[in-house]
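Trainee: I've never looked at this one before. Could you walk me through it, a piece at a time?

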Amino acid sequence: MAGTILKAKNFNAFFGQNQVLKNINLDIMRNDVVAVMGPSGCGKTTFIRCINRMHELTPDATAEGEILVDDKNVYKMNLIVLRRKIGMVFQRPNPFPTMSIYQNAIAGYLLNGIKLTKSKKDEVVETSLKRVALWDEVKDSLHKKGTFLSGGQQQRLCIARAISLNPEILLLDEPTSALDPISTSKIEELIYELKKNYTIIIVTHNMQQAGRISDKTAFFYLGEVLEYNVTKEIFTNPKHEKTQNYITGHFG
Amino acid sequence: MTIEYRNIRNKLFKGIVIILTVICTLPLLLVLYRITKEGISAINWDFFVNLPKPVGEKGGGIANALVGSGLIILMASVFAIPLGISIGIYLSEFKKTKLAYFTLLSVDVLQGIPSIVIGIIIYLWVVKTMGHFSAVSGSIALSMMMLPAIIKSTEETLKLIPDTLKEASLSLGVPYYRTILKVILPAGITGILSGVILSVARVAGETAPLLFTAFGNPFMNTNITKPMSSLPSIIFNYAISPYEDWHKLAWGASFMLIAIILVLNIITKIAQRKWRVQF
């Protein structure tokens, strides 16, 4: 199933009077891993939060233009349908503190009131946790609280929670910035595995990480996409001076 | 300034703080000692199961007041808890709105209204309208006294819950109302619950608003539209009576009241420890 899954067309986003995204045009292919890179405050996180419309949760936040997922404008879709289609993982691990590991893994079903039989539940929990390579570590303590795990495990649990609903796109907002190097490398391996089934858009500050895991990289600068290309190309032969400076560590 | 001199000042300061603490705690302990000493001798089986008897007859109890207090507080909780938690949710979720600003202001003012004034207001609104004293009017008065504590504790608990939790739920496509009910409220349940229990403990001993509303009743009554007895009102009536027997009952009732409040406070502490939610 190749083809474009996400398309941003003349997209602008604002916080009050302050324009944080300027005329974004971007096509993302199915099953690609796209790294969104750029200095702080350049609109990376805002961009991915616009895709599943978390942006509008902030008071005064508005957006113009179109983001199409499977050729449907997200701003015309039902929020609930949209967010089930697009999973999100946040900067800091945020498992639900009142739920066990088991419940966290199927939180999407529990909280949405989707009824599952006991065996179906077990199956979803097991496959989701196996996909994030957490199953072997937690299978004996499934009924302990999710917050009992280490930071890296919690983050993998959050990824499991996001993929248990079988989304098409996975948005990762600096998922490893709060983690130690070993957990980070586990999550990176995981992203490599997940790419077979999902389209992944990952915001990262870490250039090595972008280089290691992504197929394409979008370089954001002051709310604009300066460059969007195959990752190798961006790293070895950047078209734009700003990209070059950023990659070589002159700013950012 | 030598080191020794500083050390002496340190010790002096510590000493003064300890002495002042003891001075403050002492009256409290004396009150507890007196009530326990006088009250415990009044408590026996009859005390729990019998109605007050005429002066001079042995074996009177305060069964009507225990049942009355229980019913009045239960009803007050039924009014105040859902309302208070809803308002608390509103205040923490929409804190920037004008309505939230005025609500918070009103809650602060309500907290400062003397209980007797609330009693008079409910007398005018409910008792006069109904035409007679009733337990339900007492419950309404007490629920008004419970509201500020419940609202404040709900609001303050929910404010501390990280936004990332709400976002996690919303990003799974969970509708807003379910996010509040199934993620935010459970995460704050300990704080909300302790607010509720402490507000119950606070109104359990309220006398003034009940004098104008539930009034009191020497007989067993479970009809909420009729006057009803309660622990504070029985203490008030019996303590000012000239009879030794009745004084004894008043001491017993005081002891019961304090014991109930103590137990509620202990339950709060245990709940806080046991259901502590770690983010």
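Trainee: Let me start small: in E2(A), what is the bridge partner of A:Phe15?

Mentor: Some ground rules: this is a predicted model, where local features need pLDDT of at least 70, side-chain atom pairs count only at pLDDT 80 or more, and totals for chains, interfaces and linings use all residues, while side-chain values use heavy atoms and leave out hydrogens and water. Residues are numbered from 1 along each chain as its sequence is written; chains are lettered from A, and ligands numbered from 1, in the order in which they are written. Strand E1 (residues 4–15) and strand E2 (residues 18–29) of chain A run antiparallel. In E2(A), A:Phe15 has as its bridge partner A:Asn18.

Trainee: How many bridges join E1(A) to E2(A)?

Mentor: The two form a hairpin with 2 residues between them, and A:Gly16 in the turn has a positive phi of about 65 degrees. A:Leu6 has A:Ile28 as its bridge partner in E2(A). Two strands count as paired if DSSP finds at least two bridges between them, and for E1(A) and E2(A) the number of bridges is 8.

Trainee: And which residue stands opposite A:Ala8 in E4(A)?

Mentor: E1(A) is also joined by 8 bridges to strand E4 (residues 61–69) of chain A, again in antiparallel fashion. In that strand, the residue opposite A:Ala8 is A:Ile67.

Trainee: What order do the strands take in the open sheet of 4 strands?

Mentor: Its pairing is antiparallel. The edge strands are E2 and strand E5 (72–73) of chain A, each pairing on one side only. From one edge to the other, the order is E2-E1-E4-E5.

Trainee: There's an open sheet of 6 strands as well; which strands of chain A stand at its edges?

Mentor: This sheet has the order E6-E7-E8-E3-E9-E10 (chain A), with mixed pairing. An edge strand has a single partner strand, so one side is left without a neighbour in the sheet. Here that goes for strand E6 (86–89) and strand E10 (224–230).

Trainee: Inside that sheet, what is the bridge partner of A:Val33 in E8(A)?

Mentor: Strand E3 (residues 33–37) and strand E8 (residues 199–203) of chain A run parallel, joined by 4 bridges. Within E8(A), A:Val33 is partnered by A:Ile200.

Trainee: Stepping back, what radius of gyration does chain A have?

Mentor: Chain A comes to 11 helices and 10 strands, counted as DSSP runs numbered from the N terminus (H or I, at least four residues, for helices; E, at least two, for strands). The radius is taken over C-alpha atoms, and the globule rule is 2.2 Å times the number of residues to the power 0.38. For 252 residues that rule gives 18 Å, and chain A is close to it, so it is as compact as a globular protein of that length, with a radius of 18 Å.

Trainee: How many strands are there in chain B?

Mentor: Read along the sequence, its pattern is α-α-α-α-α-α-α-α-α-α-α-α. Its C-alpha atoms fill a box of roughly 70 × 65 × 35 Å along the principal axes. The helices number 12, and the strands number 0.

Trainee: Is H9(B) roughly parallel or roughly antiparallel to H12(B)?

Mentor: Axes are lines fitted to C-alpha atoms, for helices over the stretch in contact, with angles from 0 to 180 degrees between N-to-C directions. Under 35 degrees counts as roughly parallel, over 145 as roughly antiparallel, 65 to 115 as roughly perpendicular and the rest as oblique. Helix H9 (residues 189–204) and helix H12 (residues 244–274) of chain B have axes that come within 9 Å and cross at roughly 175 degrees. That makes the pair roughly antiparallel.

Trainee: How many charged residues does the contact of H9(B) with H12(B) have?

Mentor: Contact means heavy atoms within 4.5 Å, and residues meeting here include B:Ile197 in H9(B) and B:Leu264 in H12(B). Ala, Val, Leu, Ile, Met, Phe, Trp, Tyr, Cys and Pro count as nonpolar, Asp, Glu, Lys and Arg as charged, and the others, Gly among them, as polar. The tally is 10 nonpolar and 5 polar, and for charged residues it is no charged residues.

Trainee: Last one: at what angle do H4(B) and H6(B) pack?

Mentor: Among the residues that meet are B:Leu104 in H4(B) and B:Met144 in H6(B). The contact divides into 7 nonpolar, 1 polar and 3 charged. For helix H4 (residues 98–112) and helix H6 (residues 135–159) of chain B, the axes are 9 Å apart and the angle is about 130 degrees.
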